[in-house]
Amino acid sequence: MKYLIIGLGNIGNEYEHTRHNIGFDIVDRMAKEMDASFSLERHAFRAEMKYRGRKLIVLKPTTFMNLSGKAVKYWMTAEKINPDHILVILDDLAIPLGKLRMKLKGGDGNHNGLTSIIESIGHSNFPRLRFGIGNDFRRGYQSDFVLGRWSAEESIIVDERIDLAIEMIKSFVSIGAQRTMTTFNNK
């Protein structure tokens with residue numbers, strides 16, 4: 001069985017370890033733990049991993065957040081992966097810091113990366129793992145907050161929650177989205 005795991009983020013040093021790049025940070029740590037490495041391929045940095053007999057194609061799109069759908073559509077087609085076997089990992093302002101929520105489908109939640117994916121593949125019926133970044137910003141400063149780096153206090157929370165996100169990814173590919181949501185969504 002094959003799965004496409006997509007960590008959303010923006011390429012470039014100025015975006016490294018920002019709230020908006022939590023998807024990249026999660027898949028980077030997963031690759032390190034599973035002794036895999038990313039190589040630059042078409043529209044994405046790509047790594048292959050194996051977990052419990054499943055093949056994981058893990059992506060960090062190089063198309064920037066607003067065009068993430070281009071990379072997702074290309075690799076879904078190239079690898080012949082159905083939408084229920086993809087998992088998009090992204091930041092979410094509407095969820096408290098460090099909370100994780102997996103969903104089977106849904107709207108874009110005003111997230112440009114999800115908007116692009118939905119437009120590119122033509123529907124919103126694909127699993128996603130939302131990582132809560134909170135919304136502790138003054139009115140009009142959303143962009144600065146999202147593209148900002150974690151505070152020292154936030155980093156402690158984020159670091160341990162990245163480990164939980166990786167557990168959820170492994171659970172998704174081994175026991176499925178429904179059981180993963182039941183087990184993890186309220187932790």
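**Exercise 1.** Are α1 and α5 roughly parallel or roughly perpendicular to each other?

*Solution.* In this predicted model, begin with the geometry: helix α1 (residues 22-33) and α5 pack at an angle of about 70°, and their axes lie 10 Å apart. Angles of 65 to 115 degrees count as roughly perpendicular, and α1 and α5 are therefore roughly perpendicular to each other. Next, identify the residues that make the contact: α1 contributes Ile22, Asp25, Ile26, Arg29, Met30 and Glu33, while α5 contributes Val158, Asp159, Ile162, Asp163, Ala165, Ile166, Ile169 and Lys170. Finally, sort these residues by character, which gives eight nonpolar, no polar and six charged.

**Exercise 2.** Which residues have the most contacts inside the largest nonpolar core, and which helix supplies the largest share of this core?

*Solution.* The largest nonpolar core has 36 residues, and those with the most contacts inside it are Ile5, Ile26 and Leu129. Helix α5 (residues 152-175) supplies the largest share of this core, with nine residues. A second, separate core holds 19 residues, among them Ile6, Ile57, Trp75 and Met76. Returning to Leu129, its contacts beyond four places in sequence include Leu87, Ile89, Met102, Ala165, Met168 and Ile169.

**Exercise 3.** Does histidine 43 count as buried or exposed?

*Solution.* First locate histidine 43, which lies in the loop between β2 (39-41) and β3 (44-51). Buried means under 20% relative accessible area, so histidine 43, at 19% relative accessibility, counts as buried. Then examine its surroundings: beyond four places in sequence, histidine 43 touches Pro61, Thr62, Thr63, Lys70, Ala71 and Tyr74, and a polar contact of 3.4 Å joins its side chain to that of arginine 42.

Definitions and conventions:
Residues numbered from 1 in each chain as written. Predicted model: local features only at pLDDT ≥ 70, side-chain atom pairs only at ≥ 80, totals over all residues. Heavy atoms only, no water. Core = buried A, V, L, I, M, F, W, Y, C linked by side-chain atoms within 4.5 Å. Buried < 20%, exposed > 50% of the residue type's maximum accessible area, 1.4 Å probe, protein only. Helix = DSSP H or I, 4+ residues; strand = E, 2+ residues; numbered from the N terminus. Contact = heavy atoms within 4.5 Å. Axes fitted to C-alpha atoms, helices over the stretch in contact; angles between N-to-C directions. Parallel < 35°, antiparallel > 145°, perpendicular 65-115°, else oblique. Nonpolar A, V, L, I, M, F, W, Y, C, P; charged D, E, K, R; others polar. Polar contact = N/O pair within 3.5 Å; in protein donor to acceptor, adjacent residues only side chain to side chain.
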